[in-house]
Structures are given as C-alpha cells and as structure tokens.
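I am keeping these notes while I look through a structure for the first time, and I want to write down each thing that I look up. My plan is to begin with charged pairs and to go on from there to the interior.

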Amino acid sequence: MKFSMIFEAQLVDPTPARERAVIHDCVEQAVLAEEMGFDRVWAVEHHSLTQYAHMSASEIFLTWVAARTRTIRVGHGVVTMPFGYQHPVRVAERAAMLDVLSGGRLDVGAGRGATRQEMRMFGVHPDDTRPQTEEALRILAAAWREPEFEWHGSLDIGPGAVLPRPVQHPHPPLFMACSQHDSLRQAAELGIGALVMGFAGADDVRAMRAVYDEAIAVRDGSRFVSTEVNDHFSALCPTIVLDDADRALRLGTRGQRFFAESIAHWYGGAPAPTGYEEDEDHAGALEEERRKLVARLHEASIPARPVDTGTYNTDHAYGDPATAIAYVERLREIGVDEVMCLIQMGTVPQEVCLETIRQWGTKVIPHFRALESSVTGAENAPQRPPTRTAT
C-alpha cells in the first residue's frame, strides 16, 4: 500500500501575502513528506475558486517540488482536460518535460474542471467536459507512444512530434478523478487509475472499490486509452494526527468544515466559508449541515447519496497515531492501493500540518511497512518439509 498527500492550497481570508505564504507552506510540506517516507504528492488544478483552491498552475508547483526532492513521486491530481482549459498537446509537452526533469517521477490524473465558475473563466461548455476529457487522454497516450503522431477527432492535430519524450516508457501512469460510480466505471473501462473522494468514510470507499473491481472484471479492453493499463485505486483520507487526540479532532473537523463549505459554495451556490474558533463544535456543525442537506434533497425528491453528503462525515483519521492506524487498517482491508492524505485544509495551521506529516512518517507509515515486510518475508521464506511423526 502506498501513502501520498494532496494539495489544494486552501486558505481563509485570502490576501496576496497569505496566498504566497500558503503556496510556500505546501512546498515545505511536500519536501517533509519525502523525508517522512511518503510515496507521492498530488496537486490539484482549479481556477478562480477563491479560498477553496489557489493551486491554478500545478505543473509549476510540482516542478518546484521535484527540484527540491529526489525520490518522491509527483502527481497531477488532476489536470483539467477539456480543450478550453488547455490544448492536449500542451498538456503532453509540459508533462513530458516534468517527467524528464524529475527523472521519471510523474503521474498524470485527468479531471473535468466542471464548476460553473471555472467553465465561465475559460469558455468551457458543460456538455463537452466528459467527452473532451476522454479524448484528451487518448491524445496524450498516442502523442507519448508514437515518435510522430497525428489525430483527427474533435481536434485535427499533426502530423508531428511531441517533444521532449517522457522518461517513463511509453508514458507516465494515467489516472482520473472519480467522485461518482459512473466515473469509476469509466476509469476502469479506459484502463486508468482511480483517484476517489473518501469523505463519506470507509464504507463508501468499500462500495467504490467494488464498483471499480466489477467494471475491471467485465471490461473487454475495447475502450482502453493506451497500451498501458493502470488499475491503481487511490482513496482520500482526511487526517490530522497529534499526540493530543482531542485537539487533532477539533482541528481536523474545523478544517473539514471549511472544506465542506467551500465545496458547497463553488459547486452548489451556498454562502462562502468563514474561519471558526478552534473550540467550536465543528463535528456537530457538520452533522447539522448534513441533516439539512438530506432534508432538502428529500423535499426535492432526490435520494441522498454519499457523494452528496460525504463531506459532512467526520469519521476519519483525526486523533492520535493509534486512531490513524485503525482507520488505515480499514482501508487496507478494503483493498485500497494508496492512502491519499488530505492534511492541508484551509483552517489548519502550518505547524499542525507539519506535525501531522511527522506523526504519519514516524508512527503510521512504519506500522504498515512492517506489516508488509512480515507478509513478504513469510511468503519468501523457504518451505520446510513436513515433520514426520514416529509410529
């Protein structure tokens, strides 16, 4: 099982100075993540979503992180793929350049950038986001695989070469953001990894894992975007870990409350989020918001689903190291390939983010590395002949 972190670059009460500080804070966290044994860092790409995500140019952020590190993988989680955001050839060129500069450490996830705010900023039509994201993935894989390629679909491209060539052959692993069962099935059918939201908790992650596996089992390969198939399943794990478990829970649920209200604002038109005092009952506030949402959906005859209410669930890795280990054990039993830690939430102080990374690196990750070593050791141990009992 792999361990990673994802960055949104969230902040309360943004000013240019605070914005600069939080982006540098994210770099500091990513560098510490390598020291603490994390396998990968992911960075989102969002546009004009004030407070929720100030990570608009993740390729530059990830390049800066790659230059400051040696071994940790760097991942786009995700690139907005509809053509209005960026031409697929530019995505292929930038990603290949980063793969070269990082020594082959890049992973590329695809997303739709489907908030009304983002689509308005770039002139993207909602109906185009799904088909163009899939077509962009096919263009990327073809451009990287072939020394000279051309494409004739929604776009006419080439013939020509995409340079430089990536280090990873034939190309970096491909992923897709998956928040709904339909997108999980699509990722499986396309033969790419799934980056799933885990706010709804372990039971929902289990259901999503089942949907992904079922789609893998019945696919025939006709929709694969590449000759290289990636069936990697990565699940979000909101977490704050401190020696003081009660404070970790307060700060974690406060950060999640900010995250949930930011999503509700940009995706659902709710009021903008605000900062809150540390000692408020944030878990209770999230549960109240969940209850109100379920009631509104019921009145509109819309069934409540985990994808709708998940951001209000607070059963996560908030607490001391033992709490985090217990939660990750649940994810491990489900068959999660990668635990994607969400630590940098808008109201979480930098020193708490850094301490959480240290706690994971010194206590949580080593626990699972030891488990894997013991299993591998047992599997590789020479088999002794059966003992004969004298008669």
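Entry 1, a charged pair. I looked up Glu-338 and found that it forms a salt bridge with Arg-40, with the closest N and O atoms 2.4 Å apart; a salt bridge here is a side-chain nitrogen of Lys or Arg within 4 Å of a carboxyl oxygen of Asp or Glu. The pair links distant parts of the chain, since Glu-338 is in strand S11 (residues 338-342) and Arg-40 in strand S2 (residues 40-43), 298 residues apart. Strands (E, at least two residues) and helices (H or I, at least four) are DSSP runs, numbered from the N terminus. Both Glu-338 and Arg-40 are buried, where buried means under 20% relative accessible area, exposed over 50%, and partly exposed in between (1.4 Å probe, protein chains only).

Entry 2, what I am reading. This is a predicted model, in which local features need pLDDT of at least 70 and side-chain atom pairs count only at pLDDT 80 or more, while totals for chains, interfaces and linings use all residues. Residues are numbered from 1 along each chain as its sequence is written, and side-chain values use heavy atoms, with hydrogens and water left out. The chain averages a pLDDT (the predictor's confidence in each residue, from 0 to 100) of 94, and 96% of the residues score at least 70. Over residues 384-391 pLDDT stays under 50, and the model has zero contacts (heavy atoms within 4.5 Å) for them beyond four places in sequence. Where pLDDT is low, the predicted coordinates should not be read in detail.

Entry 3, further pairs. Glu-333 forms a salt bridge with Arg-206, the closest N and O atoms being 3.0 Å apart, and this pair links helix H11 (residues 321-334) to helix H7 (residues 202-218). Asp-337 forms a salt bridge with Arg-209 at 3.3 Å between the closest N and O atoms, and here I asked which of the two counts as buried. Arg-209 does, at 10% relative accessibility, whereas Asp-337 counts as partly exposed at 27%. Salt bridges that share partners join Arg-40, Arg-73, Asp-107 and Glu-338 into one network.

Entry 4, the interior. The largest nonpolar core (buried Ala, Val, Leu, Ile, Met, Phe, Trp, Tyr and Cys residues joined through side-chain atoms within 4.5 Å) has 108 residues, and Phe-233 is one of those with the most contacts inside it. Leaving aside neighbours within four places in sequence, Phe-233 is in contact with residues including Arg-209, Asp-337 and Glu-338.
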